[in-house]
Amino acid sequence: MPWWIAFPVAVAIGYVVWRLGIATLRALSGPPPGSYDDGPPPKEAEDVDELAVYLVCDECGTELKVSRIGELQIPRHCGEKMRVERRAGGA
């Protein structure tokens, strides 16, 4: 094959390999900073100690007293979601 054909073909192959490499590295690096729209910032945690709020596991009876609450995410215990229980009298 003459050099005047081989040279442009080699340059074209090199360019394609370079572009694929750059695209792969960009895909592996994740999205650019600030590209996620998480919505409004989370609320400040609120003190609820005087409300006597508990998370109770119906399976084994484990109880967790909630003293500060932000965005409530019900935890799992024994594989089941715990239930929220509010008790009177600030026990």
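# Terms and values in a predicted model

Author: Six residues make up the largest nonpolar core of this structure: Val48, Val53, Leu55, Cys57, Val66 and Met82. The coordinates are a predicted model, in which local features need pLDDT of at least 70 and side-chain atom pairs count only at pLDDT 80 or more, while totals for chains, interfaces and linings use all residues. Residues are numbered from 1 along each chain as its sequence is written, and side-chain values use heavy atoms, with hydrogens and water left out.

Reader: Why is the set with Val48 and Met82 called a nonpolar core?

Author: The term stands for a set of buried Ala, Val, Leu, Ile, Met, Phe, Trp, Tyr and Cys residues joined through side-chain atoms within 4.5 Å, and the largest such set here contains Val, Leu, Cys and Met residues. One of its members, Met82, also has contacts (heavy atoms within 4.5 Å) beyond four places in sequence, with Leu55, Val56, Cys57, Thr62, Leu64, Ile74, Pro75 and His77.

Reader: How do you know whether Ala52 is buried or exposed?

Author: A residue is buried under 20% relative accessible area, exposed over 50% and partly exposed in between (1.4 Å probe, protein chains only). Ala52 has a relative accessible area of 1%, and is therefore buried. Ala52 lies in the loop between β1 (46-47) and β2 (53-56), and its phi, near 55 degrees, is positive although the residue is not glycine. Across the protein chain, buried residues make up 10% of the 91 residues.

Reader: What makes α1 a helix, and how do you know that its span agrees with its number of residues?

Author: Helices (H or I, at least four residues) and strands (E, at least two) are DSSP runs, numbered from the N terminus; α1 covers residues 3-29. The expected span is 1.5 Å times one less than the number of residues, so the 27 residues of α1 should span 39 Å, and the end C-alpha atoms are indeed 39 Å apart. Gly30, with a positive phi near 90 degrees, follows α1. The protein chain has 1 helix and 7 strands, in the order α-β-β-β-β-β-β-β.

Reader: What makes Met1, Trp3, Trp4, Ile5, Phe7, Val9, Val11, Ile13 and Val17 a nonpolar surface patch?

Author: Patches are made of residues with over 30% relative accessible area and no salt bridge, like charges being joined within 9 Å and nonpolar side chains (Val, Leu, Ile, Met, Phe, Trp, Tyr) within 5 Å. Ile5, which is found in helix α1, has 33% relative accessibility, so it counts as partly exposed. The patch amounts to about 1100 Å², with areas from the Shrake-Rupley method, a 1.4 Å probe and, for residues, only the protein chains shown as cover.

Reader: Why is the pairing of Arg83 with Asp58 called a salt bridge?

Author: The rule asks for a side-chain nitrogen of Lys or Arg within 4 Å of a carboxyl oxygen of Asp or Glu, and the N to O distance between Arg83 and Asp58 is 2.5 Å, so the pair qualifies. Arg83 lies in strand β7 (residues 83-86) and Asp58 in the loop between β2 and β3 (63-66), so the pair ties together parts 25 residues apart in sequence. Arg83, at 36% relative accessible area, is partly exposed, whereas Asp58, at 57%, counts as exposed.

Reader: What joins Asp58, Glu63, Arg83, Glu85 and Arg87 into one network?

Author: Arg87 and Glu63 meet in a salt bridge at 2.7 Å, N to O, and this pair links distant parts of the chain, with Arg87 in the segment after β7 and Glu63 in strand β3, 24 residues apart. Both are partly exposed, Arg87 at 23% relative accessibility and Glu63 at 41%. Glu85 and Arg83 meet at 2.5 Å, N to O, and it is salt bridges sharing partners that join the five residues into one network. By the same rule the count comes to 4 salt bridges.

Reader: How do you know that Cys78 is in contact with Cys57?

Author: Leaving aside neighbours within four places in sequence, Cys78 meets the contact criterion with Cys57, Glu59 and Cys60. The C-alpha atoms of Cys78 and Cys57, 21 residues apart along the chain, are separated by 7.7 Å. Cys78 sits in the loop between β5 (76-77) and β6 (80-81) and is partly exposed, with a relative accessible area of 44%.
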